[in-house]
Amino acid sequence: MLKAAIVMGSDSDLGVLSAAAKVLEQFKVPFEIKILSAHRTTEASLSFAAKAEENGFGVIIAGAGAAAHLPGVLAAATPLPVIGVPVNATPLAGMDALLSIVQMPPGIPVATVGVNNAKNAGLLAVQVLSLAEKRLRDEFKADREMMKAGVLAKNAELEKIGYRKYLEKAEKKR
Ligand code: RP5
């Protein structure tokens with residue numbers, strides 16, 4: 001099966017990007033994780049992207065903060081889909097990274113998730129790879145059903161005990 005890559009601009013992004021790794025582990029998707037910076041290690045970033053297809057990758061998750069050029073630079077150098085994760089790493093709280101990643105010029109798309117939302121990047125990567133893997137598609141559908149059942153159960157509990165008791169219980173759990 002094709003691998004996923006998780007690439008981040010700095011080790012300071014690892015806390016955020018680890019949520020994508022957890023999703024890939026949950027779905028038993030093989031992946032590699034790397035620190036590659038568009039600005040500090042430009043050649044290595046380009047070389048990774050240029051060889052990603054022949055090296056067995058099917059999708060790339062790229063996270064960066066500040067003037068976040070990494071996802072766009074990788075996307076420019078590979079035909080593989082790139083999922084960008086804007087990281088909140090500066091006083092601009094991720095707005096800088098979000099706009100840098102989402103506003104790609106026509107022709108070079110980056111599928112951008114919300115600020116720090118690496119979990120969604122992991123899920124999107126699973127969806128991409130599941131196009132060629134029935135096992136993944138089935139597990140993804142089952143995961144959605146579990147999520148749905150969880151929300152329905154919470155709603156049933158809220159309606160049964162009322163919002164005050166629900167809140168009390170929720171606060172005790174924290
Ligand atoms: C970006 O600058 C990185 O992706 C990181 O989010 C931010 C800060 O990097 P460090 O100074 O912590 O290495 O390139």
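How far is a backbone N or O atom of Gly65 from an oxygen atom of the ligand? I get 3.0 Å, which fits a polar contact (a pair of N or O atoms within 3.5 Å). The protein buries 71% of the 360 Å² that the ligand exposes when taken alone (Shrake-Rupley areas, 1.4 Å probe).

Note on the source: this is a predicted model, where local features need pLDDT of at least 70, side-chain atom pairs count only at pLDDT 80 or more, and totals for chains, interfaces and linings use all residues. Residues are numbered from 1 along each chain as its sequence is written, and side-chain values use heavy atoms, with hydrogens and water left out.

Ligand, continued. I looked up side-chain N or O atoms too: Ser10 has one 2.7 Å from a ligand oxygen, and Arg40 has one 2.7 Å from a ligand oxygen. Around the ligand (a heavy atom within 4 Å) I listed Gly9, Ser10, Ser12, Asp13, Arg40, Ala64, Gly65 and Ala89.

Sheet. I found an open sheet of five strands, order E2-E1-E3-E4-E5, with parallel pairing; pairing takes at least two DSSP bridges, and strands are DSSP runs (E) of at least two residues. E2 (31-35) and E5 (111-112) are the edge strands, each pairing on one side only. Six bridges join E3 (57-65) to E4 (82-87), and Ile61 stands opposite Ile83 in E4.

Helix H2. I checked Ser45, which sits in H2 (42-51); helices are DSSP runs (H or I) of at least four residues. Ser45 is buried at 0% relative accessible area, the cut-off being under 20%. Beyond neighbours within four places in sequence, Ser45 is in contact with Leu36, Ser37, Ala38, Leu70 and Leu74 (heavy atoms within 4.5 Å).

Note on methods
Polar contact = N/O pair within 3.5 Å; in protein donor to acceptor, adjacent residues only side chain to side chain. Buried < 20%, exposed > 50% of the residue type's maximum accessible area, 1.4 Å probe, protein only.
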